[in-house]
Amino acid sequence: MCGIVGYIGDEEATPVLVNALKKLEYRGYDSAGIAVLGSGSEGQGDGEKRSLVVRKAKGALKNLEQRIATEIIRGTMGIGHTRWATHGEPSDVNSHPHTNVSGKIAVVHNGIIENHAKLKEWLKESGVAFKSQTDTEVVAHLVDHFYQGDLFEAVRATLDKIEGAYALAFLCENEPERIIAVRKDAPLVIGAGKGEYLIASDVTPLLEYTRDVYYLNDGEIAVLYRDRVEFFDREGHPLTKETTRVEWDVSAAEKGGFEHFMLKEIHEQPKALADTLRARIKTYAAKTINLEEIGFDASWAQAHRVVISACGTAWHAGVVGKYALEHFARIPVDVDVASEFRYRDPIYDPKDIFIIISQSGETADTLAAMRMARKSGARIIAITNVVGSTLAREADLVMYTWAGPEIAVASTKAFTTQLMCVYLIALKFGHLRKVIDDAELAANIDALEALPALAEQLLGKKDDIQRFAARQFNKTKAFFMGRLFDYAVSLESALKLKEIAYTHSEAFAAGELKHGPIALVDESTLVVAICTQSALFDKMDSNIKEVKARGATVLVITWEDEKYFDATADEVFRIPRTLDALSPMLSVIPSQLYAYYCSVMRGNDPDKPRNLAKSVTVE
Ligand code: M6R
């Protein structure tokens, strides 16, 4: 949801900023822009006196790159932005950086200034002429309003006026030695290099320059110089902060020979699943699950209920979690999308266990749900992929998914590793509550350990899905249906196809179809029936016959050795056999591949689907 970057050092800032923005483009790609303190080819700056030069362009970053290739800016400090439009259409003028009237102060912003309308009226009354429709432009004019020769103080005064969520970075022509950055409810990381400092919305753009980073907390202000960075609280008191060493492999954030990040990330699932599992399986007398990281001990037996909250794909992982916890641990589970949870006046019990799931750890609704749940005194467990994210830092206990950086907007490996985490919790909990005995626990652990190799086998058959997609990608309507775990996977499958193929797709609990949705089924409909719950095969078979009778084409996804649906389905895609209750970690992969191939065949960019952003840091 917008990416911001900044650089101060001895290198030319423009290539560093553009390079960093490339790594953040997944956060928004409606427009991009940079502001550099230096000299522009149009004659601003005379080599001695440096002036603030801004370049922006609507659309993808490559449009900005084309502009700066001919309109060169030289200078060793600057800020940059890649936009996901919230206020004002994607256009050159609404692109960031935004400047004050004289063009001497520039700002980039990720988030929303909620009281921007009131502030805009107030500024207009004092004679300020606005150029854009954005909420951000008020910030540039406010800093100007308060500026009396000290950018730091002007920024602090501005923070007193603005409400909402923001990560902001500022540059001022009169202060060519420093960049100022602040955050509240939006992510911001500072990279500490040798003789250079950088700012970014996440760590991936920083890894080329440094592995030592500072995570800014809400309300903190960073002042970056070429040789140091200083931190302050909102009142201006100095703070001491420690760097964190990032251990991510740089190549993990590159495409590694795949055409798209999404395809690469789908293929990384066997390794990601193994990584998620590895540290958590211990063999003492017998194999057991170790979840010390989330404080799992006998006190969990006191819990009355588990509540899961998340958004999008992470919510689908929560739906699987509900089925898994109820099945393995026989504990009641409520699962809710975070944007509903935060406003629906939920009933708390201090003995509840809250599980909050988020790949990025920065989703605004999910963070709000977590903060509300905290107040109830319940135990908060975060499942997240991003070390140092706001969720990881604010939750009581964190279980990392260890999926590695997920760049494609459509989540794949983050989902399957979130599933692995919820299964580990469910099995451990079931054992503690004596719902499953040692032998059943061991059998499930063995099955979990076999999954990475099975996922690899499944990916080996991806050409079958590609061929099926080649025949179906123009379908305008796709329904996914299943029962129990297969219903949860249907939800995720339909979302994938919507997100990147722009196909109207819906998920249904298969038994629900005849209560209304079947009215939509006709010859133009593709129905994907996910059939891994053996006890319900005859029910699924009836549902398949019902949609076929209305003209639908039916793809069945089922076990490799299963013949049940051969007579009814138009096509069967077979996945390697695991236990029925663990099926989602495999059964979702064909749908990820199907969505990917349809997206590419329809001429879309699966990594950067229209209207979406990787991390939704606004409500
Ligand atoms: O980072 P999070 O897991 O909190 O993100 C939640 C959703 O925004 C995210 O899963 C979204 O639905 C993805 N685009 C799914 O592919």
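In this predicted model, a backbone N or O atom of Val409 sits 3.2 Å from a nitrogen atom of the ligand. Two further polar contacts reach oxygen atoms of the ligand: a backbone N or O atom of Thr313 lies at 3.1 Å, and a polar side-chain atom of Lys496 lies at 3.1 Å. The protein covers much of the ligand surface, burying 91% of the 410 Å² that the ligand exposes when taken alone. Two elements, α8 (312–329) and α15 (485–501), give two or more residues each to the surrounding shell.

It is worth looking at that shell as a whole. The ligand is surrounded by 14 residues, and the closest of them are Ser358, Gln359, Ser360, Thr363 and Glu499. Sorted by class, the shell holds seven polar residues, five nonpolar residues and two charged residues. Domain 2 (252–459) and domain 3 (460–607) each supply at least three residues to the shell.

This brings the domain layout into view. The protein chain is divided into three parts, with domain 1 spanning 3–244, domain 2 spanning 252–459 and domain 3 spanning 460–607. The C-alpha centres of domain 2 and domain 3 are 24 Å apart. Contacts between this pair involve 41 residues on the domain 2 side and 36 residues on the domain 3 side. Together, domain 2 and domain 3 bury about 3,200 Å² between them, and carbon and sulfur atoms account for 72% of that area. The ligand shell, too, draws residues from both of these domains.

Two details of the backbone also invite a closer look. As a general rule, most peptide bonds are trans, and most residues other than glycine have a negative phi. The bond between His96 and Pro97, however, is a cis peptide bond, with omega of about 0°. Pro97 is found in the loop that runs between β5 (77–83) and β6 (98–99). The second detail concerns Lys434, which is not a glycine and yet has a positive phi of about 60°. Lys434 is likewise placed in a loop, here between α12 (413–432) and α13 (438–459).

Conventions. Residues numbered from 1 in each chain as written. Predicted model: local features only at pLDDT ≥ 70, side-chain atom pairs only at ≥ 80, totals over all residues. Heavy atoms only, no water. Near = heavy atom within 4 Å. Polar contact = N/O pair within 3.5 Å; in protein donor to acceptor, adjacent residues only side chain to side chain. Areas by Shrake-Rupley, 256 points an atom, 1.4 Å probe, with all protein chains shown as cover. Helix = DSSP H or I, 4+ residues; strand = E, 2+ residues; numbered from the N terminus. Nonpolar A, V, L, I, M, F, W, Y, C, P; charged D, E, K, R; others polar. Domains from an automatic or database assignment. Contact = heavy atoms within 4.5 Å. Buried area = accessible area lost by both parts, 1.4 Å probe.
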